[in-house]
Amino acid sequence: MVNCKDRPEYFFIHGSVKKDMMNKTAVITGAAGGIGKAAALHFAQAGWQTALCCRQRTQELEALAARIRCQYGTACLTFTGDMGSWEDSRAFCDMALKAFGHADVLINNAGISYIGLLTDMQPEDWRALMSSNLDSVFNCCRHIIPSMVSRKEGRIINVSSVWGCCGASCEAAYSASKGGVNALTMALARELAPSNIAVNAIAFGVIDTRMNGQLSEEERAELAQEIPAGRFASPEEAGRQIFALAQADPYLTGQIIKYDGAWT
C-alpha cells in the first residue's frame with residue numbers, strides 16, 4: 001500500500017494541511033456513508049479538497065479520508081461532531097476555512113429519519129430530528145456564508161427529500177423537517193443571488209442507503225414497483241447529481257430538484 005506521507009501532493013505537513021487557494025474546496029456534512037460519502041468521492045476524484053464530518057461513525061469517516069488521500073491525491077480533513085449543535089458546527093466550519101482558506105461548495109447532507117405516528121412521537125424525538133435535519137443546515141450556512149459573500153461566489157446544496165414536497169404518512173416530522181429545508185433553500189437563494197451564490201436542494205426519492213436498511217426484501221420489492229423507474233437509486237448516482245449541480249451556472253438557484261425516478 002502506498003504511504004500517503006511519502007507523497008507531497010497530499011498537502012500534509014506534520015499532520016496539517018497546506019493551504020492551496022487554487023484548489024476548489026467542498027465542505028460536506030454527514031459524509032461517513034451513503035449519499036455524503038458518494039458525493040465526497042466524486043469531488044475528490046475531480047481534484048477537489050474536501051472537509052468531511054459525521055456525528056458518530058468516526059472510523060468509517062477516517063477510512064474514507066484515507067481512501068481519498070491515497071487514491072485521488074487530494075487533501076481531506078475530517079471532524080466528528082453534531083452539526084445540529086452551534087458549537088460543533090462552528091468548530092467544523094472554522095477548521096475547514098482555516099485549513100483551506102475558502103469553501104466553494106457547502107453540502108448540507110447530515111440528517112436522520114423517524115418513522116411512526118406523530119401521536120406516538122415524544123418531544124425529545126421531535127427536537128432531535130429538527131436539530132439534525134434543519135438546525136444543521138442553518139448552522140453550517142451561517143458559518144460558511146460570510147466567506148462566500150466576501151469572495152462573491154459559492155454554491156450551497158441542501159440534501160432534501162420528496163417528502164418535504166408532498167409529505168408522507170408516518171413520517172410527518174421528517175416531512176416537516178425537509179419541508180423546512182426546502183423553504184429555507186428558496187428564501188436563502190433570494191438573499192444570496194446578488195452575491196453570485198447559488199442555493200439549491202435536491203429532493204431525493206428512495207436511495208439505497210443505510211437509512212432504508214430497515215426495509216425487508218418484500219417491502220423493498222413492493223416499493224420498487226411503485227417507482228416508475230422500477231428501482232432504488234444508488235448512493236453513487238445521488239452523489240453524481242450533487243457534483244453535477246455544483247458545476248451548474250449560478251443563475252440556477254432557488255430550486256428544489258426532484259430526483260426520484262418519477263415516483264412523486
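User: What share of the 264 residues of this protein counts as buried?

Analyst: In this predicted model, 51% of the 264 residues count as buried. The cut-off behind that word is a relative accessible area under 20%.

User: What makes the overall fold agree with a compact globule?

Analyst: The comparison is between two radii. For 264 residues, a compact globule would have a radius of gyration near 18 Å, and the protein has 18 Å, so the two agree. Along the principal axes, the C-alpha atoms fill a box of roughly 55 × 45 × 35 Å. Within that box, the secondary structure comes to eight helices and nine strands. Contacts also reach far along the chain: of those between residues at least 6 apart in sequence, 75% join residues at least 24 apart.

User: Why is the pair of Phe 204 and Tyr 259 called edge-to-face?

Analyst: Two values decide this. The ring centres lie 5.8 Å apart, and pairing asks for centres within 6.5 Å, so the rings count as a pair. The planes stand at 85 degrees, and anything over 60 degrees is edge-to-face, which gives the pair its name. It belongs to a set of seven aromatic pairs found in the whole structure.

User: How do you know that this pair ties together parts that are apart in sequence?

Analyst: Look at where the two residues sit. Phe 204 lies in strand E8 (residues 197-204) and Tyr 259 in strand E9 (residues 256-259), so the pair links parts that are 55 residues apart in sequence.

User: Are Phe 204 and Tyr 259 buried or exposed?

Analyst: Phe 204 has 3% relative accessibility, which is under 20%, so Phe 204 counts as buried. Tyr 259 has a relative accessible area of 23%. That value lies between the 20% and 50% limits, so Tyr 259 is partly exposed.

User: What makes you say that both faces of strand E8 are covered?

Analyst: Each side can be checked separately. On one side, Ile 197, Val 199, Ala 201 and Ala 203 are all buried. On the other, Ala 198, Asn 200, Ile 202 and Phe 204 are all buried as well. Put as a count, eight of the eight residues of E8 are buried.

User: How do you know that E8 pairs with strand E7 and with strand E9?

Analyst: Pairing needs at least two bridges. E7 (residues 154-161) and E8 share eight bridges in the parallel sense, with Gly 154 opposite Ile 197. E8 and E9 share four bridges, also parallel, and there Ala 203 stands opposite Lys 258. Both counts meet the requirement, so E8 pairs with each of these strands.

User: What supplies the largest nonpolar core?

Analyst: Strand E3 (25-28), helix H1 (34-45), strand E4 (49-54), helix H2 (58-72), strand E6 (105-108), E7, E8 and helix H8 (235-246) each supply at least two residues. H1 gives the most, with six. Of the 32 residues in this core, Phe 43, Leu 52 and Ile 242 touch the most other members. The general background is that nonpolar side chains tend to be buried together in soluble globular proteins.

User: Which residues does Phe 43 touch?

Analyst: Leaving aside residues up to four places away in sequence, Phe 43 touches Ala 26, Ile 28, Trp 48, Thr 50, Val 105, Ile 107, Ile 242, Phe 243 and Ala 246. Two of these, Trp 48 and Phe 243, form one aromatic cluster with Phe 43. Ile 28 has its own role in strand pairing: it stands opposite Leu 52, where E3 and E4 run parallel over four bridges.

User: Why is Pro 235 called buried?

Analyst: Pro 235, found in helix H8, has 12% relative accessibility. That is under 20%, so Pro 235 counts as buried. Its contacts, apart from residues up to four places away in sequence, are Gly 34, Ile 35, Ala 38, Ile 207, Asp 208 and Thr 209.

User: And what makes Ser 136 count as buried?

Analyst: The reasoning is alike. Ser 136 is in helix H4 (residues 123-151) and has 4% relative accessibility. With the limit at 20%, Ser 136 therefore counts as buried. Beyond residues up to four places away in sequence, Ser 136 touches Met 83, Gly 84, Asn 108, Ala 110 and Ser 131.

How values were computed: Residues numbered from 1 in each chain as written. Predicted model: local features only at pLDDT ≥ 70, side-chain atom pairs only at ≥ 80, totals over all residues. Heavy atoms only, no water. Phe/Tyr/Trp six-rings, centres within 6.5 Å; stacked < 30°, edge-to-face > 60°. Buried < 20%, exposed > 50% of the residue type's maximum accessible area, 1.4 Å probe, protein only. Rg over C-alpha atoms; globule rule 2.2 N^0.38 Å. Contact = heavy atoms within 4.5 Å. Core = buried A, V, L, I, M, F, W, Y, C linked by side-chain atoms within 4.5 Å.
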